[in-house]
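Biologist: I'm new to this one and would like a close look at a single part, with whatever around it helps me get my bearings. Could you walk me through it?

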Amino acid sequence: MGDMANSSIEFHPKPQQQREAPHAGGFGCTLAELRTLMELRGAEALQKIEETYGDVSGLCRRLKTSPTVGLADNTNDLEKRRQIYGQNFIPPKQPKTFLQLVWEALQDVTLIILEVAAIVSLGLSFYAPPGEESEACGNVSGGTEDEGEAEAGWIEGAAILLSVICVVLVTAFNDWSKEKQFRGLQSRIEQEQKFTVIRNGQLLQVPVAALVVGDIAQVKYGDLLPADGVLIQANDLKIDESSLTGESDHVRKSADKDPMLLSGTHVMEGSGRMVVTAVGVNSQTGIIFTLLGAGGEEEEKKDKKAKRQDGAVAMEMQPLKSAEGGEMEDREKKRARAPKKEKSVLQGKLTKLAVQIGKAGLVMSAITVIILVLYFVIETFVVEGRTWLAECTPVYVQYFVKFFIIGVTVLVVAVPEGLPLAVTISLAYSVKKMMKDNNLVRHLDACETMGNATAICSDKTGTLTTNRMTVVQSYLGDTHYKEIPAPSALTPKILDLLVHAISINSAYTTKILPPEKEGALPRQVGNKTECALLGFVLDLKRDFQPVREQIPEDKLYKVYTFNSVRKSMSTVIRMPDGGFRLFSKGASEILLKNFRPRDRDDIVRKIIEPMACDGLRTICIAYRDFPEGQEPDWDNENEVVSDLTCIAVVGIEDPVRPEVPEAIRKCQRAGITVRMVTGDNINTARAIAAKCGIIQPGEDFLCLEGKEFNRRIRNEKGEIEQERLDKVWPKLRVLARSSPTDKHTLVKGIIDSTSGEQRQVVAVTGDGTNDGPALKKADVGFAMGIAGTDVAKEASDIILTDDNFTSIVKAVMWGRNVYDSISKFLQFQLTVNVVAVIVAFTGACITQDSPLKAVQMLWVNLIMDTFASLALATEPPTESLLLRKPYGRDKPLISRTMMKNILGHAVYQLAIIFTLLFVGELFFDIDSGRNAPLHSPPSEHYTIIFNTFVMMQLFNEINARKIHGERNVFDGIFSNPIFCTIVLGTFGIQIVIVQFGGKPFSCSPLSTEQWLWCLFVGVGELVWGQVIATIPTSQLKCLKEAGHGPGKDEMTDEELAEGEEEIDHAERELRRGQILWFRGLNRIQTQMEVVSTFKRSASLQGAVRRRSSVLSQLHDVTNLSTPTHVILSAANPASAAGNPGGESIP
């Protein structure tokens, strides 16, 4: 520590400071200087650093920081740095204002039609034509109306407008609150993101936004860099800069060749320290953001500014070009076209169903209008033989407007506008609740896809196990110890070698800290395997810290860091006598290849196999000395790490989490196959799988190693064949010693397979950088929130905040619940739709007037859509959801049972309503409301019909809570207060509307007796529900299911071959029909756009990846409402089932 303190003193020579004082705020570099510096790469950058600062420590001096001690944790100093160099925060785009959202909601076709109809109706009601009183126009305006009523014609138009305003406000408010929620969630994620810096010589985890220029940051494998910096020291550091340059090859970084580190890039191997030189909008990511107009200002202003500052922008654009000068934009276009996740299972089914319903509604409403007009024309001009008089025109037009309004009403009722609302409410509600169950959902549709999951490929370490590694057996000095040996039992030489080998040959960021609370376990920081080894040192009553202080990180001669290919780590130190010593540790079977042959076989047979059979992970620790004067070629790693001498073999155990076996049992009961994919050896993997219950004795299963797996699935040419894969995966339960590619191959193979009776939906869990590809490929990717690297989180859909497998079971429950909620809502909604459309249609055709008026229909629509979607979409999940098999990709949205319920209840409701319509006046002994003239006052007759209709809907809402034919519809009703509130609230408002609604609602107050009859008929719904439940669905072969996932037959060969460009059938229909449904999807789209902030886990860290192209961003986000591409091979058409693909967005 002493030399560190001295070095920090040397760093602030007084004369230096005076000389540089004219610079910004007393620092030796201006913001512009640093920005220009960060635009250089490789040799150019080194040259610039040498010319301007001498070397990196010169740069540190100018920034008033020390490469070893870091900044003093002084608030004033940090604040000053933020003022001069900016803070590490990129302002998000301005959210849409409430008025913008209102304007978007008004774009809806149905509402526009209604507005037009209402305005025309209003205009005509204020226009009093002179010929109105004349007999010539027939009895058109005659009838029982008194003077006051004649003036009331405007009420209907005004009421329609009012309802439209209601719908618009509800929609806009929903969108607005959703946007707010996601922004809140986003900022939470940002606050949770931490990065390691050195301040006052201490390692601290600070929030990413708190980084300042001059901070010394520790970078390690798996990090996503939060700011730009210059490397001070590095061990075998490799960076994936593809998010900035589009180059997929990893770039090797070192202080003497290429020291420039850029924000938004991923550390793929190694570790190092850097001095932060640019943060926030001044970092390379920030510059791109600013170019993309994400800095809050409008894009147009940016454009003007860009034209003015042409030179500056040209400079800023520099980093956008890759080494070969390939333009970023082309890359972005390509990336925008690259397949994002395929459309989620539910969307595919909903789109198709919506198109079918929309068509039917359009046809019905058109027929209604035509019949009404024809009937009127024939009745007036043919039967009564009148002539069309000029002064009568406005009267006739008023009639036509009335018919048009009735037609629109039929359409409004036919289109289930509440569906997008129900989907959104259900998803948003689930997402909020899932946060409590430790699931942080990043992509909304993931939570619904999870309900369809048929397979989970889980990582072992940290997910199934506690991720608290401990050494339980060891082999030291030719003795196999089943527990930790006493230090006195070991020779001092072996003990000393072991302590040095473990302390030096592990990341210096890994350490064991004292527990935070009394009685807790010591805290493990850093790599868990290394923590186990350091713990072993502590158990042997030795300490690793003094060894590290004696040989600090910058004295290490050469480090071969751990990566997934090497599966080992080696460190070289220079000995006092001038020679070198290499310490190596790694997976025992990998390291043993580098031993002398005679040691090897004995160790494997006597030590490693017995340890592995106990489910232990074996790590081998070895060393090799190079005498003075025989320095090898350090770049020839295979030569250096060979001919090793074994110090010890340790058996490390990561105990299974106590709650995992039960969770896996639940998954298996729910029809989900759990597979374990791990890098561990086959024996350990099998032992853990047996403890978890993934494999059971007596079952027919496969446990394979990566090599064997590849041998089985590849043909002679080494290509993967789907047929071969299909023979392997159904029985495969454990895949050991697997590489990231194997995991990806397995996941892709299961998703693409068409061999089983249903298509598979696959969830994958992972925590490492190497799991990225598999997480992205999976239908749902789970990343670990605690142990997961940024790269894994970036690729995932859901983050498990407690790293626990039981949270996945919760996610399955929520996913199934979303699916069921939407089915419940559909069952309820479609019953209302069928009844209302038929009533409006037949009523209009027989009595020239719909028994349900436009305003009443809108109220019905409001309770059926908005309220019902709230009530049914917020049902909490129950354990019973886990007792059935998953639906899979091909199961229809509306099952036979649901179809039976929909039609059954529709029959009951229609029978009641038609009875009331045609003989109701006799039963209740009141005046008939049929054939009433225009503007006549509301009749009791039609009020009873309206009231009965609403009562039946209310009780049917209770029936709709169950969709699998259960008898007890009240089961768990009180666990959902929202449902109870809405049902009672709707009932209350209905009383007000009927008793006091008067002219606007076309209602006339009813007596108590009439009310009781309406209620009695409503309760009849519950009884009728029991009758329907008695009819066995299996007997009703004639019922069709609806809302399948788009099937194979809808894809032509050409489309399949094109793959990228194909548009599925339903989407083409949508284009052609321009159906109102468009509104629905648009509504979801708006609601989903919010997710853009939420789409990539942290605004700053996902920065370039996220916004490097607004195109790809738009593409991801609207993925809930726009077709996205699906790559399909012509050979495998079925892989399209349930994933309608689509066109690329320009």
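Biologist: Eight strands form an open sheet here: in what order do they come, and what is the pairing?

Modeller: Before we dive in, keep in mind that this is a predicted model. The order you're after is β8-β24-β23-β22-β9-β19-β21-β20, and the pairing is mixed. In general, strands of a sheet pair through backbone hydrogen bonds, and they can do that either parallel or antiparallel. At the edges of your sheet you'll find β8, residues 439–441, and β20, residues 702–705, each of which pairs on one side only. Going from one strand to the next, the twist averages 20 degrees.

Let's zoom in on the β20 edge. Its partner is β21 (residues 732–736), and the two are joined in the parallel sense by four bridges. To find the spot by eye, look for Leu702, which sits opposite Leu732 in β21. Then look for helix α28, made of residues 706–713: α28 lies across both β20 and β21, and runs at about 100 degrees to β20.

For contrast, there's another open sheet, this one with seven strands. Its order is β11-β10-β18-β17-β16-β15-β14, and the pairing there is antiparallel. The edge strands are β11 (479–481) and β14 (558–560); each has a single partner strand, so one side of each is left without a neighbour in the sheet. Neighbouring strands in this seven-stranded sheet are turned against each other by 15 degrees on average, if you ignore direction.

Inside that sheet, β10 (residues 470–476) and β18 (residues 645–653) pair over six bridges, in the antiparallel sense. A handy marker is Thr470, with Glu653 of β18 standing opposite. A helix comes along here too: α21, residues 528–539, packs on the sheet and touches β10, β15, β16, β17 and β18. The direction of α21 makes about 65 degrees with that of β10.

While you're looking at β16, pick out Arg581, which has its place in that strand. The side chains of Arg581 and Asp625 are joined by a polar contact of 2.7 Å. Setting aside neighbours within four places in sequence, Arg581 also touches other residues, including Leu497, Thr571, Ile573 and Tyr623.

Strand β4 (residues 228–240) is worth a stop as well, since that's where you'll find Lys238. Lys238 and Arg252 are 14 residues apart in sequence, yet their C-alpha atoms are 4.4 Å apart in space. Beyond the neighbours within four places in sequence, the contacts of Lys238 include His250, Arg252, His266 and Glu269.

What about charged pairs? Side chains of opposite charge can pair when their charged atoms come close. The count for this model comes to 28 salt bridges. One of them links Glu662 and Arg665, with the closest N and O atoms 2.5 Å apart. These two residues are three apart in helix α26 (residues 660–669), so about one helical turn separates them.

Last, take a look at the surface. A nonpolar patch there is formed by Phe98, Leu162, Ile165, Leu169, Phe173 and Trp176, with about 570 Å² of accessible area together. Helix α10, residues 154–192, gives the largest share of the patch, five residues, while Phe98 has its place in helix α7, residues 98–106.

Technical notes
Residues are numbered from 1 along each chain as its sequence is written. This is a predicted model: local features need pLDDT of at least 70, side-chain atom pairs count only at pLDDT 80 or more; totals for chains, interfaces and linings use all residues. Side-chain values use heavy atoms; hydrogens and water are left out. Two strands pair if DSSP finds at least two bridges between them. Axes are lines fitted to C-alpha atoms, for helices over the stretch in contact, and angles run from 0 to 180 degrees between N-to-C directions. Contact means heavy atoms within 4.5 Å. A polar contact is a pair of N or O atoms within 3.5 Å; within protein, one must be able to donate a hydrogen and the other to accept it, and residues adjacent in sequence count only if both atoms are side-chain atoms. Patches are made of residues with over 30% relative accessible area and no salt bridge: like charges are joined within 9 Å, nonpolar side chains (Val, Leu, Ile, Met, Phe, Trp, Tyr) within 5 Å. Accessible areas come from the Shrake-Rupley method with a 1.4 Å probe; for residues, only the protein chains shown count as cover. A salt bridge is a side-chain nitrogen of Lys or Arg within 4 Å of a carboxyl oxygen of Asp or Glu.
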